[in-house]
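Biologist: Before we discuss assignments, may I see the model and ask on what grounds each term is applied?

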Amino acid sequence: MSSLLVDDIGELVTNEPGGEGGPLGIRRGVALLVEDGRVAWIGPSRDAPAADRRLDARGAAVLPGFVDSHAHLVFAGDRAAEFAARMAGQPYTGGGIRTTVGATRAATDDELRATVRRLRGEAMRQGTTTMEIKSGYGLTVADEARSLAIAAEISEETTFLGAHVVPAEYADRPDDYVGLVCGPMLAAAAPYARWIDVFCERGAFDVDHARAILACGQAVGLGVRVHANQLGPGPGVQLGVELGAASVDHCTHLTDADVDALASPRVDGGHTTVATLLPGAEFSTRSPYPDARRLLDAGVTVALATDCNPGSSYTSSMPFCVALAVREMRMTPAEAVWAATAGGARALRRDDIGRLGVGARADLIVLDAPSHLHLAYRPGVPLIRQVLRNGVLQ
Ligand code: NIG
Ligand code: FE
């Protein structure tokens with residue numbers, strides 16, 4: 001059994017009851033003992049037990065590692081020209097997804113694997129210790145299955161998104177594509193996936209197709225997540241709530257009824273549906289940001305994630321999303337940090353990550369700063385000094 005003492009922590013964000021800062025549960029002047037990849041003890045530095053090794057935080061802030069619950073890392077090529085056209089005034093429609101599908105189908109497994117690993121490494125260096133990874137740029141049985149197999153090599157949080165868009169070859173027979181997704185594609189994908197997701201939006205999948213696909217996934221034991229209400233108002237959020245989704249993601253265009261549905265208590269093994277906001281997408285599509293304040297004031301559980309993908313949000317940076325959420329979405333720094341850690345864990349229905357309490361996984365970051373406030377206060381500055389995942393320095 002190997003042990004590591006993280007000592008001289010100026011500010012420890014625990015996301016546990018007690019401590020300062022409301023839900024952040026901040027403790028000061030403490031040490032944290034890691035044993036076998038888990039948090040084994042937290043207490044005043046002077047009472048710290050002996051350990052095999054010591055990591056000196058030198059008075060800095062220590063936080064749970066970021067939980068990025070929404071990312072599309074399995075793809076080839078990029079769409080920088082599409083981004084430039086948007087910045088020159090073109091709207092984002094999602095139509096570019098098919099461009100990435102073409103490039104992804106043409107790529108080798110090793111090319112896809114290299115991109116996934118590069119982006120995962122990039123995210124890790126910015127403090128992300130858990131990252132959900134979706135398929136959705138293959139859209140054939142073989143390409144969806146290999147996308148998920150590659151994703152599953154490095155993440156236990158993998159999501160089958162065969163229903164991202166209807167691929168060009170099925171454009172005039174979407175019912176047949178839904179049949180393919182629910183039949184052979186799901187069968188090939190399910191062994192590598194924990195979740196199923198649908199892009200429920202005008203131009204992608206309507207509510208009947210989305211409900212059918214999500215129900216097929218549930219029937220083989222996959223948990224539900226939905227891309228909902230990104231480009232305009234629609235039925236995605238309420239469909240997600242109806243099906244007991246772990247999360248509905250984007251939530252940019254919400255009616256009062258959508259907010260009420262997310263805020264009203266529901267029972268699904270004690271869980272509710274989280275609203276995951278993806279401000280990198282609004283940044284990169286120059287769209288109005290979702291109204292986080294309205295959701296928080298209604299009592300909805302909010303998570304933040306990157307949506308890392310080559311079209312609408314090519315960032316792997318959770319600190320960037322925290323800063324955007326604070327500056328542009330009227331979240332307090334504390335709310336944004338909670339949403340990027342504990343919120344992401346709720347969106348993945350995990351209680352072993354996103355918090356630092358005894359028994360939790362020792363996934364943590366040491367900042368080059370004395371307080372979590374600096375993540376939004378010093379935007380664009382590389383503030384992640386050290387990352388521990390399962391207690392191991394990355
Ligand atoms: O979450 N909206 C659907 N899917 C992605 C965008 C994919 C793309 O443009 O390539 C999203 O924003
Ligand atoms: Fe997405």
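**The iron site and the sheet**

Modeller: Along the chain, the donors of the iron ion (ligand 2) follow the spacing H-x1-H-x154-H-x79-D. His 72 lies in the loop between β6 (66-68) and α1 (80-87) and His 227 in strand β11, so the pair ties together parts that are 155 residues apart in sequence. Please bear in mind that this is a predicted model.

Biologist: What makes His 70, His 72, His 227 and Asp 307 donors of the iron ion (ligand 2)?

Modeller: The cut-off for a donor atom is 2.8 Å from the metal. The NE2 atoms of His 70, His 72 and His 227 and the OD atom of Asp 307 lie 2.1 to 2.2 Å from the iron ion, and they are therefore counted as donors. Both His 72 and His 227 are buried.

Biologist: Why is strand β10 called mostly covered?

Modeller: A residue is buried when its relative accessible area is under 20%. In β10 (residues 195-200), six of six residues meet that description. Trp 195, Asp 197 and Phe 199 point one way, while Ile 196, Val 198 and Cys 200 point the other way. In a regular strand the side chains alternate between the two faces of the sheet.

Biologist: How do you know that β10 pairs with β9 and with β11?

Modeller: Pairing requires at least two bridges. Strand β9 (residues 158-163) and β10 share three bridges in the parallel sense, and Phe 160 stands opposite Ile 196. Six bridges join β10 to the parallel strand β11 (residues 223-228), where Ala 228 is the bridge partner of Cys 200. Both pairs therefore qualify.

Biologist: What makes β8 and β14 edge strands?

Modeller: The open sheet has seven strands in the order β8-β9-β10-β11-β12-β13-β14, with parallel pairing. β8 (133-134) and β14 (302-304) each pair on one side only, which gives them the name of edge strands. Elsewhere in the sheet, β12 (residues 247-250) and β13 (residues 274-277) pair over three bridges, with Val 274 as the bridge partner of Ser 247.

Biologist: Why are the units around β10 called right-handed?

Modeller: With the strands pointing away from the viewer, a right-handed path from the first strand over the helix to the second runs clockwise. The term applies to β9, helix α5 (residues 174-189) and β10, and also to β10, helix α6 (residues 207-219) and β11. Helix α6 lies across β9, β10 and β11 and runs at about 175 degrees to β10.

Key: Residues numbered from 1 in each chain as written. Chains lettered and ligands numbered in written order. Predicted model: local features only at pLDDT ≥ 70, side-chain atom pairs only at ≥ 80, totals over all residues. Heavy atoms only, no water. Buried < 20%, exposed > 50% of the residue type's maximum accessible area, 1.4 Å probe, protein only. Helix = DSSP H or I, 4+ residues; strand = E, 2+ residues; numbered from the N terminus. Contact = heavy atoms within 4.5 Å. Axes fitted to C-alpha atoms, helices over the stretch in contact; angles between N-to-C directions. Donors = N, O, S within 2.8 Å, 3.2 Å for Na, K, Ca; no water.
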